[in-house]
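Please open the model in a viewer and keep the selection tool at hand. The tour below proceeds stop by stop, stating at each one what to select and what is found there.

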Amino acid sequence: MRKSIAVLTIVLMLAGLLTACSGGTAKSGKKQIVATVFPEYDWVMNVLGDKAGDYDVTMLLDNGVDLHSFQATAADIMKISSCDMLIYVGGESDEWIEDAVKEAVNKDMVVINLLETLGDAVKEEEIVEGMEGEDHEEGEDHDDDHGHGHDHEGDEVEYDEHVWLSLRNAEVIVNAIADAFAGIDSENASVYSSNAAVYNEKLKALDAGYKAAVDGASAKTVLFGDRFPFRYLTDDYGLSYYAAFVGCSAETEASFETVVFLANKLDELGLKAVLTIETSDQKLAKTIKENSKSADQEILMLDSMQSTTSKDIKAGATYLSIMEKNLEVLKKALR
């Protein structure tokens, strides 16, 4: 359900308080940048480089609450309404931001919507064979070239919001961020462009590492006893997947049919691991494993970066470091 009505009410209540404010520049004189999720924040900091001290950069979701369950406060709305640059995903989970932008005090705000930036690279959320929500009846699915079943005709299209889990998408977005900073600070445009180029070389090198790992792997399928936010990553490297739930699902309890289907897939494909995401209690993954014939698979975690906190950043977490760890996990899962 959309959060827009409640957010619009807050926006209208704050409008009178904010109209006296001038633009997005704080008392410090620094430009205000708001990034909703961790990957955006980290990309901004890398594009800024030594210029980061010239800006106040806020990561809105900084306490471990993911995009799908985040509830904006009045303070959050105020930050968005008066900032100089806003970077957000642009999917169903943060539609509320559109209302805040429409009523924003700073009419010169630069807005980067990730889904709009990526255009045709954005994928529809899908239900694959065996997943909760799939009817389990023969003849009902229409598979694409990855063996994935699409939503049935007539259903409202929902887009997969987890675009940051593609290193290739990251490169496009980093360039868009660099261009945006060049637009608000043309004197340092070459600095932002250079920083983006250096960072994108790192993305390309890691992308090559993923491709080499998948090309040399014994298995070409991953299985998640969890939500599945990694479609962009698996599609980049031609991997197939099975999972209990779609990426944005709030469900945690899988049906008997789903558990049995996934356990059988472990046996059929000889998979060595059941994967989860970082917030999982692993109960479902363990149940799937225990219902397989061998019951000796590892339970491994891939980090979808949906709950990375400010504390994690202070401890050294970066987009690249997390994706590097994910690569090592993927190698183990595909061996």
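A crossing of two helices is called right-handed if the near helix is turned clockwise from the far one by less than a right angle, and left-handed if it is turned anticlockwise. This term will be needed at the second stop. The structure on display is a predicted model.

**The whole protein**

Begin with everything selected. The protein contains twelve helices and eight strands. Of its 335 residues, 50% are buried. The accessible surface amounts to about 15,600 Å², and carbon and sulfur atoms hold 49% of that surface. Among contacts with a separation of 6 or more, 74% join residues 24 or more positions apart.

**Helix α2 and its partner α6**

Next, select helix α2, residues 38–48. How many of the eleven residues of α2 are buried? Nine of them are, and the helix is accordingly described as mostly covered. The buried residues include Phe38, Pro39, Tyr41 and Trp43. Just beyond, α2 is followed by Gly49, which has a positive phi, near 55 degrees.

Add helix α6, residues 167–184, to the selection. The axes of α2 and α6 are 10 Å apart, and the two helices pack at an angle of about 55 degrees. An angle from 35 degrees up to 65 degrees counts as oblique, and α2 and α6 are therefore oblique to each other. Their crossing is right-handed. On the side of α2, the contact is made by Glu40, Trp43, Val44, Val47 and Leu48; α6 contributes Ala170, Ile173, Val174, Ile177, Ala178 and Phe181.

**Helix α2 and its partner α7**

Keep α2 and select helix α7, residues 189–215. Here the packing angle is about 120 degrees, and the axes of α2 and α7 lie 7 Å apart. This pair, too, is therefore oblique. Asp42, Trp43, Asn46, Val47 and Leu48 of α2 meet Tyr192, Asn195, Ala196 and Tyr199 of α7.

**Aromatic rings**

Now display the aromatic side chains. A pair of aromatic rings is described by the distance of the centres and the angle of the planes. The protein has eight aromatic pairs.

Select Trp43 and Tyr319 to see one of them. Their ring centres are 5.1 Å apart and their planes stand at 65 degrees, so the pair is edge-to-face. Trp43 belongs to α2 and Tyr319 to α12 (residues 319–333), so the pair ties together parts that are 276 residues apart in sequence. Both Trp43 and Tyr319 are buried.

Then select Phe181 and Tyr192. With centres 5.5 Å apart and planes at 40 degrees, the rings of Phe181 and Tyr192 form a pair that is tilted. Phe181 lies in α6 and Tyr192 in α7, so this pair ties together parts that are eleven residues apart in sequence. Phe181 and Tyr192 are both buried.

To finish with the rings, select Phe224, Phe228, Phe230 and Tyr241, which form one aromatic cluster.

**Arg335**

The last stop is Arg335, in the segment after α12. Is Arg335 buried or partly exposed? Its relative accessible area is 43%, which falls between the limits of 20% and 50%, so Arg335 is partly exposed. Select Ala213 as well: its C-alpha atom is separated from that of Arg335 by 9.5 Å, although the two residues are 122 residues apart along the chain. Leaving aside residues up to four places away in sequence, Arg335 touches Ser218, Lys272 and Glu298.

How values were computed: Residues are numbered from 1 along each chain as its sequence is written. This is a predicted model: local features need pLDDT of at least 70, side-chain atom pairs count only at pLDDT 80 or more; totals for chains, interfaces and linings use all residues. Side-chain values use heavy atoms; hydrogens and water are left out. Helices (H or I, at least four residues) and strands (E, at least two) are DSSP runs, numbered from the N terminus. Buried means under 20% relative accessible area, exposed over 50%, partly exposed in between (1.4 Å probe, protein chains only). Contact means heavy atoms within 4.5 Å. Accessible areas come from the Shrake-Rupley method with a 1.4 Å probe; for residues, only the protein chains shown count as cover. Rings of Phe, Tyr and Trp (its six-membered ring) pair if their centres lie within 6.5 Å; planes under 30 degrees apart count as stacked, over 60 as edge-to-face and the rest as tilted. Axes are lines fitted to C-alpha atoms, for helices over the stretch in contact, and angles run from 0 to 180 degrees between N-to-C directions. Angles under 35 degrees count as roughly parallel, over 145 as roughly antiparallel, 65 to 115 as roughly perpendicular and the rest as oblique.
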